[in-house]
Amino acid sequence: MFGMNYIQFDSMTHVILYKNGKVSKEGRGLSFFYFAPTSSISAIPLGSNDLPFIFNESTNDYQTVSIQGQITYKISNPKALSELLDFTVDATGTYKKNEIEKLNQRIINYAQTSTSSYIHGIGLKDSIRSAKTIETQILQGLQTSPAISTLGIEILNVNILAIRPNPEMERALETETREKLQQEADQAIYERRNFAVEQERKIKESELNTEIAVEEKKKQISEKQMEAKIMEADNKRKLREMQVQADIAVEEQRKKFIDTKTANQRKEAETQGFVTETTLKPFRDIDWRTLVALNNNPDPRFNIALAFRQLAENAEKIGNLNISPDLLENLLQEKKDSKK
């Protein structure tokens, strides 16, 4: 009413409000009232954009390839872009001009310029297999381009989706590739058969070598067994010889022991005889009566027996000898008592 309007923008839009040709407000996601006759509003989108592209280039063998891909970018300096392109909106927020399309076309042109020199320097087959290299060429070309920096744009990523020749050349390449693959398949079959024959020969040769090795091992085992038996017999013989020598040594030691023992016993007997003889020598010349007296036997029967012996020795000097029966009875009675 009376030229006063209200407008509101989302947070992904950078808004610049001009009044009488000068910046009055600037920022993201603004909402405000403005006087339409003297105001102008620029709204620059800040979100990332995916820009699909497709363009044709010629290789060094004069073949045309179609390069298809996608560029992801965002507007990093909206004020600089607003000074180069017209992002003015009306009261409803609708753009008065389609400047986004113009911006996209500029980016595609710069991308084509970045990759054209590379494509012109390689052949058709190499270009078809160079998607990653072309991605790098476009990304580096756009990121280092002064024109892109002037627009206030930041290139985030580049993807190459397809690199295709024209349909006729594509069919020719398919035919060539098909024939080459068929030749490779035939060569593979031939090599596989040769490999099978070679493997069969190696298997037979390996079997023969194995049999030879087995026989050689058997021979070695037989020889080892024979050597072991010979060694065992020799060891047994040596063991028997050592046993006999040990028995001889034991017998010799036993003989020496017996001789030594006999000599020791002989010396011991001689020593005992000498001791006995030396001990009894003083008593050899003593009268037995003296020895009996020295014995000092208190038994009266012993004394009576000695008396009878003296009587017997001096019987020629005795005329008559009377022995009372009481004496004999007492001797016999004591003998009976001792038996009981």
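**Exercise 1. Strand E2 and its burial**

Determine how many of the seven residues of strand E2 are buried, and state whether His14 is buried or exposed.

*Solution.* Step 1. In this predicted model, strand E2 spans residues 13–19, and six of its seven residues are buried, so that the strand is mostly covered.

Step 2. His14 belongs to strand E2. Its relative accessible area is 11%. Buried means under 20% relative accessible area; His14 is therefore buried.

Step 3. The side chain of His14 also takes part in a polar contact of 3.0 Å with the side chain of Glu26.

**Exercise 2. The partners of E2**

Identify the strands that pair with E2, beginning with E5 and continuing with E3.

*Solution.* Step 1. As background, strands of a sheet pair through backbone hydrogen bonds, in either a parallel or an antiparallel manner.

Step 2. E2 pairs with strand E5, residues 39–45, in the antiparallel sense, over seven bridges. Within this pairing, Lys19 has Ser39 of E5 as its bridge partner. Strand E5 is itself mostly covered, with five of its seven residues buried.

Step 3. E2 is also joined to strand E3, residues 22–28, by six bridges, and these two strands run antiparallel. Here Leu17 stands opposite Lys25 of E3.

Step 4. E2 and E3 form a hairpin with two residues between the strands, and in this hairpin Asn20 adopts a positive phi near 55 degrees.

**Exercise 3. The order of the sheet**

Establish the order of the four strands in the open sheet, and explain why one side of E3 and of E8 is left without a neighbour.

*Solution.* Step 1. The four strands follow the order E3-E2-E5-E8, with antiparallel pairing.

Step 2. E3 and strand E8 (88–89) stand at the edges and each has a single partner strand, so one side of each lacks a neighbour in the sheet.

Step 3. The link between E5 and E8 consists of two bridges, and the strands run antiparallel. Ile41 has Val89 of E8 as its bridge partner, while Ser42 stands opposite Thr88 of E8.

**Exercise 4. The two faces of E4**

Decide which side chains of strand E4 point to the buried face and which point to the other.

*Solution.* Step 1. Strand E4 comprises residues 31–35, and its side chains alternate.

Step 2. Phe32 and Tyr34 point to one face and are buried; Ser31, Phe33 and Phe35 point to the other and are not buried.

Step 3. E4 is joined to strand E1, residues 4–8, by five bridges in an antiparallel arrangement. In this pair, Asn5 has Tyr34 as its bridge partner.

**Exercise 5. The largest pocket**

Describe the lining of the largest pocket and explain why the pocket lies between domain 1 and domain 2.

*Solution.* Step 1. The volume of the largest pocket is about 200 Å³.

Step 2. Its lining consists of Lys125, Ile128, Arg129, Leu173, Glu176, Thr177, Lys180 and Leu181. By class, these are three nonpolar, one polar and four charged residues.

Step 3. Helices H3 (124–128) and H6 (167–280) each contribute at least two residues to this lining. H6 gives the largest share, namely five residues.

Step 4. Domain 1 (46–165) and domain 2 (168–227) both give residues to the lining; the largest pocket therefore lies between them.

Conventions
Residues are numbered from 1 along each chain as its sequence is written. This is a predicted model: local features need pLDDT of at least 70, side-chain atom pairs count only at pLDDT 80 or more; totals for chains, interfaces and linings use all residues. Side-chain values use heavy atoms; hydrogens and water are left out. Buried means under 20% relative accessible area, exposed over 50%, partly exposed in between (1.4 Å probe, protein chains only). Two strands pair if DSSP finds at least two bridges between them. On a 1 Å grid over the protein atoms alone, a cavity is a set of points where a 1.4 Å probe fits but cannot get out, and a pocket is an open set with protein on both sides within 12 Å along at least five of seven lines; lining residues have an atom within 4 Å of a point. Grid points are joined across faces, edges and corners, and a volume is the space filled by probe spheres set on the points. Ala, Val, Leu, Ile, Met, Phe, Trp, Tyr, Cys and Pro count as nonpolar, Asp, Glu, Lys and Arg as charged, and the others, Gly among them, as polar. Domain bounds come from an automatic or database domain assignment. A polar contact is a pair of N or O atoms within 3.5 Å; within protein, one must be able to donate a hydrogen and the other to accept it, and residues adjacent in sequence count only if both atoms are side-chain atoms.
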